[in-house]
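Biologist: Could you zoom in on one single part of this protein for me and then work outwards from there? I'd like to know what sits around it, in bench language if you can.

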Amino acid sequence: MGDFDVAKVGCSTDFSTISGAAVSPDTQRTIISAIENNFNLGKYSADLYIGFNKDGRNKSWTARLVSLQGGKDDFRCAKFGTKLKDNRQSRREAGVVITKRDQAFSKKDPNQPSFSALPGVNTGIFDTDYSPQDMLDSLNLLANYDVEKFTSFTSQGNKYYHIMLKKKANGEGFYRRREMIVDANKNVPVQIRLYTKNTRKPYKVMAVKSKPFAKRAFPYSYDITACWRTSTTNITLGDLKEEASTTEANYCKGS
């Protein structure tokens, strides 16, 4: 195959044309563990920005995102309708709590997010193409998914891993398959393809950007393209802090 341009991956990109060298099982586990580690910062807080464009109409939301882990404080909280340091004012939406156990996200509909049998309907928070599983599912890849394919290849002078994961029969993975093109130097995906539970409908593609934070390559930006409708979603985490303050912790508990 010729060079695979990861910057141009989209819904129509044929991943089956990627050829590469086999990677040993031990190395596979090491790489996937590193990916989990880079996605999981433990206790942290950030400014969360969600931008959404559908049929030329733009919406945006901002919130303070806080992650508290350990004991009773094992949850993520994002409160919308607040003004951040850069003076961006959020759309007035209900407060939001993300939990690892029941993974409720939008208080407008606690059963969301879910994928409908029909394209173009509510798929995630506030009708965007982003769900809490996009954040939480990445923390337990080894526990919830089996490796179907894991190869290494070089493109434009850079080394990548091509990884296909399939949900375990008894696993708690949200997607039936997760496919990733991973930067081998950072151990962070640069492109992710997420296959929904509805096998008759296509998937969504996420382009990921990362930067150093807390001695990790932290994925701070996601551009999400939904392949079943004309829409795009951008998720950005800024003003990252390693510890959530007491004030923020109490702020979330009052959600």
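Modeller: Strands here are DSSP runs of E, at least two residues long, and they are numbered from the N terminus. That lets me give you an address: Ile192, in strand E9, which covers residues 188–195. Bear in mind that this is a predicted model.

Let's start with Ile192 itself. Anything under 20% relative accessible area is called buried, and Ile192 has a relative accessibility of 2%, so it counts as buried. It has plenty of company, since 51% of the 255 residues in the chain count as buried. Ignoring residues up to four places away in sequence, Ile192 touches Phe39, then Arg178, Glu179 and Met180, and also Lys204, Val205, Met206 and Val208. For a sense of spacing, the C-alpha atom of Ile192 is 6.5 Å from that of Ile181, a residue 11 positions away along the chain.

Now pick up one of those partners, Met180. In the largest nonpolar core, which has 45 residues, Met180 is among the members that touch the most others, together with Ile35, Leu48, Phe80, Tyr161 and Ile163. Strand E2, residues 44–54, gives this core its largest share, five residues. The core also crosses a domain boundary: domain 1 (25–83) and domain 2 (133–236) each supply at least three residues. As a general point, nonpolar side chains in soluble globular proteins tend to be buried together.

Tyr161 is a good second stop, as Met180 is one of its contacts too. Leaving out neighbours within four places in sequence, the rest of its list is Val23, Ile31, Phe150, Thr151, Ser152, Phe153, Ile181, Val182, Ala184 and Asn187. A second core lies apart from the big one; it has 14 residues, including Val9, Tyr160, Tyr195 and Val205. You met Val205 a moment ago, as one of the residues that Ile192 touches.

Thr151, from the Tyr161 list, leads to some strand pairing. Thr151 is in E6, opposite Ala22. Strands E1 (residues 21–22) and E6 (residues 145–155) pair antiparallel over two bridges. E6 is also joined to E7, residues 158–167, by 10 bridges, again antiparallel. One place to spot that pairing is Lys149, which stands opposite Met164 in E7. E6 and E7 make a hairpin with two residues between the strands, and Gln156 takes a positive phi near 50° there. For background, most residues other than glycine have a negative phi.

Back to Ile192, and this time follow its contact with Lys204. Lys204 stands opposite Ala226 in E11. The strands involved are E10 (residues 204–213) and E11 (residues 216–226), which pair antiparallel over 10 bridges. They form a hairpin with two residues between them, and Ala214 in the turn has a positive phi of about 55°. From E11 you can step on to E12, residues 231–241, through five antiparallel bridges. Tyr222 faces Ile235 across that pair, and this hairpin has four residues between its strands. Further along E12 you reach Asp239, a non-glycine residue with a positive phi, near 50°. Asp239 is partly exposed, at 33% relative accessible area.

If odd backbone angles interest you, Asp55 is worth a click as well. Asp55 sits in the loop between E2 and E3 (57–68) and has a positive phi of about 55° without being a glycine. Its relative accessible area is 47%, so Asp55 ranks as partly exposed.

A few side-chain details before you go. The model has five aromatic pairs. One of them is Phe174 with Tyr175, an edge-to-face pair with centres 4.9 Å apart and planes at 80°; both residues are buried. There are also charges over rings: the charged end of Arg193 sits over Phe15, 4.1 Å from the ring centre. Likewise, Lys211 places its charged end over the ring of Tyr220, 4.8 Å from the centre.

Stepping back from Ile192, the whole chain has four helices and 12 strands. Among its contacts with a separation of 6 or more, 53% are between residues 24 or more positions apart.

Methods
Residues numbered from 1 in each chain as written. Predicted model: local features only at pLDDT ≥ 70, side-chain atom pairs only at ≥ 80, totals over all residues. Heavy atoms only, no water. Core = buried A, V, L, I, M, F, W, Y, C linked by side-chain atoms within 4.5 Å. Buried < 20%, exposed > 50% of the residue type's maximum accessible area, 1.4 Å probe, protein only. Domains from an automatic or database assignment. Contact = heavy atoms within 4.5 Å. Phe/Tyr/Trp six-rings, centres within 6.5 Å; stacked < 30°, edge-to-face > 60°. Lys NZ or Arg CZ within 6 Å of the ring centre and 35° of its normal. Pairing = 2+ DSSP bridges.
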